Amino acid sequence: MKDTDIQIAKCYDLKVGKNTTGVRIMKPLATGLLPPPLALKWLMNQPVHSAVPGATAIEEAEENSLLGCSGGALTDQEQADLIDSKAYWDTRRCQMCGDCLPCPVGINLPMVLGTDVIYDHYRTMGPQGFRAFSWSRHAMEIELPKRKAHIQRIQSCTDCGQCEPRCPHGLAITDMLKARLPAMLDMVSVFEQLLASDS
Ligand code: SF4
Ligand code: SF4
């Protein structure tokens, strides 16, 4: 997935336990789409020095850290699960390649359908978890206008059908756009209410 960033950087080598210059993987869980045990164990078997999975709770960070220490080869079942997972996400996750562009009404499809960290938080936390999370006022004030602009862009889609035949992964782009709207509208509502109650 393109939303899993690969960087050459100073990092901590998981396997030998020391700092080095090597390959660092950002968003190794594709912002919450991939199960940590499988994704992190797979990475431990790759030529990777360090991985930086995000966590929204101490327990998640602890779980990720323990997985980083576990090592060991993937079992046959885990290999099979990985192949299934790849086949599933290959046709459901935007790879941010940009082949579907241009959109005549100017929707930046890779930006809308690819990595969208706050939307991904909503998806993984669920509406209640998202509302209960301790968002900073600063984060909400930055996010609100961007999210409203995102929503406006999605709502401007005319269903012209030009984008989908260009997508090499066969994504149902217009359905994916529409499917995001209820969550995005709820996110805006949550942030507006939290900001109002905090003022
Ligand atoms: S179907 Fe919608 S998103 Fe796709 S190119 Fe047309 S206006 Fe843009
Ligand atoms: S062509 Fe498909 S995978 Fe590539 S950016 Fe567009 S929607 Fe995403």
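Select ligand 1 and the residues of its shell, which divide into eight nonpolar, four polar and one charged. The shell holds 13 residues in this predicted model, and the closest to the ligand are Cys-103, Cys-157, Cys-160, Gln-162 and Cys-163.

Move next to ligand 2, where 15 residues form the surroundings, and show as sticks the closest of them, Cys-94, Cys-97, Cys-100, Pro-110 and Cys-167. By class, the residues around ligand 2 divide into 10 nonpolar, three polar and two charged. If you then colour helix H4, residues 109-113, you will have picked out the element that gives the most to this shell, with three residues.

Now step back and display the protein chain as a cartoon, in which seven helices and three strands can be found. Followed from the N terminus, the elements run β-β-α-β-α-α-α-α-α-α. Along its principal axes, the C-alpha trace spans about 50 × 45 × 30 Å. Of the 199 residues in the chain, 17% are buried, and among the contacts between residues at least 6 apart in sequence, 72% join residues at least 24 apart.

Colour the chain by domain, giving one colour to domain 1 (6-90) and another to domain 2 (109-197). The C-alpha centres of domain 1 and domain 2 lie 26 Å apart, and the contact between them takes four residues from domain 1 and nine residues from domain 2. On the side of domain 1 that touches domain 2, the residues divide into no nonpolar, three polar and one charged.

The last stop is helix H5, residues 117-132, whose end C-alpha atoms are only 17 Å apart although the helix has 16 residues, which falls short of the 22 Å that a straight helix would reach at 1.5 Å a residue. Where along H5 should you look for a bend? Centre the view on Gly-126, where H5 bends by about 115°, and then find the proline, Pro-127, that follows within four residues.

With H5 still selected, show the side chains of Ile-118, Tyr-122 and Phe-130, which are buried. Which helices do the buried residues of H5 pack against? Add helix H6 (137-155) and helix H7 (173-197) to the view, for these are the partners against which the buried residues of H5 pack.

How values were computed. Residues are numbered from 1 along each chain as its sequence is written. Chains are lettered from A and ligands numbered from 1 in the order in which they are written. This is a predicted model: local features need pLDDT of at least 70, side-chain atom pairs count only at pLDDT 80 or more; totals for chains, interfaces and linings use all residues. A residue is near a molecule or strand if its C-beta atom, placed from the backbone, lies within 6 Å of it. Ala, Val, Leu, Ile, Met, Phe, Trp, Tyr, Cys and Pro count as nonpolar, Asp, Glu, Lys and Arg as charged, and the others, Gly among them, as polar. Helices (H or I, at least four residues) and strands (E, at least two) are DSSP runs, numbered from the N terminus. A residue is buried if 20 or more other C-beta atoms lie within 10 Å of its own, exposed if 12 or fewer, and partly exposed in between; C-beta atoms are placed from the backbone. Two residues are in contact if their C-beta atoms, placed from the backbone, lie within 7 Å. Domain bounds come from an automatic or database domain assignment. The expected span of a helix is 1.5 Å times one less than its number of residues. The bend at a residue is the angle between axes fitted to the seven residues ending there and the seven starting there.
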